[in-house]
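Biologist: I am new to reading models like this one, and I would like a close look at a single part, starting from one residue and working outward. Could you take me through the interior and what packs around it, explaining each term as you go?

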Amino acid sequence: MHTDPIADLLTRIRNACLAGLPLVEMPASKLKLELVKVLQHEGYIKSFELREGQAGHQTLRVILKYDVEGLPVIREIRRISRPGLRRYAGVDNIPRVLSGAGVTIVSTSKGLLTDRQARKEGVGGELLCQVS
């Protein structure tokens, strides 16, 4: 049993990208689904789908995206806030990744947002991860 499902999701994606795999599967949850939606909207993954797994549990399948040279679009993906040390930021303190070339995904009262969306909405929250 994993105590940090977001770190598990990010690690599975990171490892699959390093191995050059076309897709990765993992147990599904609402938070993972929302996080993957943000990654797809930002262009870091091709697509995703929910599938019926064993014993009625849902599985999340993420289809990874590679450039024309075969390199993964996700160069770096890392967890910021974790169960042992939660990281929160107000709207004025949300970090920029690579001067705006990457994204910070923030859990806000309005759902999961990118750093740009959170600044536009004027909300802060828990800094989940950074992707570049």
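Modeller: Let us start with Cys-129, which counts as buried because its relative accessibility is 0%; here buried stands for under 20% relative accessible area, exposed for over 50%, and partly exposed for anything in between, with a 1.4 Å probe and protein chains only. Before going further, please keep in mind that this is a predicted model, in which local features need pLDDT of at least 70 and side-chain atom pairs count only at pLDDT 80 or more, while totals for chains, interfaces and linings use all residues. Residues are numbered from 1 along each chain as its sequence is written, and side-chain values use heavy atoms, with hydrogens and water left out.

Does a buried cysteine have a bonded partner here, or does it stand without one? The sulfur of Cys-129 is 13 Å from the closest cysteine sulfur, that of Cys-17, and this is too far for a bond, since a disulfide is taken as a pair of cysteine sulfur atoms within 2.5 Å. By this rule the number of disulfides is zero. Cys-17 is likewise in no disulfide, the nearest cysteine sulfur being that of Cys-129, and Cys-17 too is buried, with a relative accessible area of 8%.

One of the residues that Cys-129 meets is Leu-35, which, when residues up to four places away in sequence are not counted, touches Ile-6, Leu-9, Leu-10, Ile-105, Leu-112 and Cys-129; a contact of this kind means heavy atoms within 4.5 Å. The largest nonpolar core has 26 residues, and Ile-13, Leu-35, Val-62, Ile-74, Ile-105 and Val-131 touch the most other members. A nonpolar core is a set of buried Ala, Val, Leu, Ile, Met, Phe, Trp, Tyr and Cys residues joined through side-chain atoms within 4.5 Å. At least two residues of this core come from each of α1 (5-19), β1 (23-27), α2 (30-41), β3 (58-64), β6 (103-108) and β8 (125-131), where helices (H or I, at least four residues) and strands (E, at least two) are DSSP runs numbered from the N terminus. The most is given by α1, with six residues. Another core lies apart from it and has eight residues, including Ile-80, Ala-89, Val-106 and Ala-118.

The helix α2 deserves a slower reading. It has twelve residues and reaches 17 Å from its first C-alpha to its last, close to the 16 Å expected at 1.5 Å a residue, the expected span being 1.5 Å times one less than the number of residues. The buried residues of α2 are Lys-32, Leu-33, Leu-35, Val-36, Val-38 and Leu-39. An α-helix has 3.6 residues a turn, so residues three or four places apart point the same way. Just after α2 comes Gly-43, with a positive phi of about 85°. Val-38 is also touched from elsewhere in the chain, for Thr-114 contacts Val-38, Glu-42 and Thr-104, leaving out residues up to four places away in sequence. Thr-114 belongs to strand β7 (residues 111-114) and counts as buried because its relative accessibility is 1%.

Now to the sheet on which the two helices pack. An open sheet of three strands has the order β1-β3-β2, with antiparallel pairing; two strands pair if DSSP finds at least two bridges between them. Because β1 and β2 stand at the edges, each with a single partner strand, one side of each is left without a neighbour in the sheet. On average, neighbouring strands of this sheet are turned by 20° against each other, direction ignored. Strands β1 and β3 run antiparallel and are joined by five bridges, with Val-24 standing opposite Val-62 in β3. Helix α1 packs on the sheet, touching β1 and β3, and its direction makes about 160° with that of β1. Helix α2 also packs on the sheet, touching β1, β2 and β3, and its direction makes about 155° with that of β2. Such directions are lines fitted to C-alpha atoms, for helices over the stretch in contact, and the angles run from 0 to 180 degrees between N-to-C directions.

On the other side of β3, strand β2 (residues 45-52) pairs with β3 in the antiparallel sense over seven bridges, and Ile-45 stands opposite Leu-64 in β3. The hairpin of β2 and β3 has five residues between the strands, and there Ala-55 takes a positive phi near 60°.
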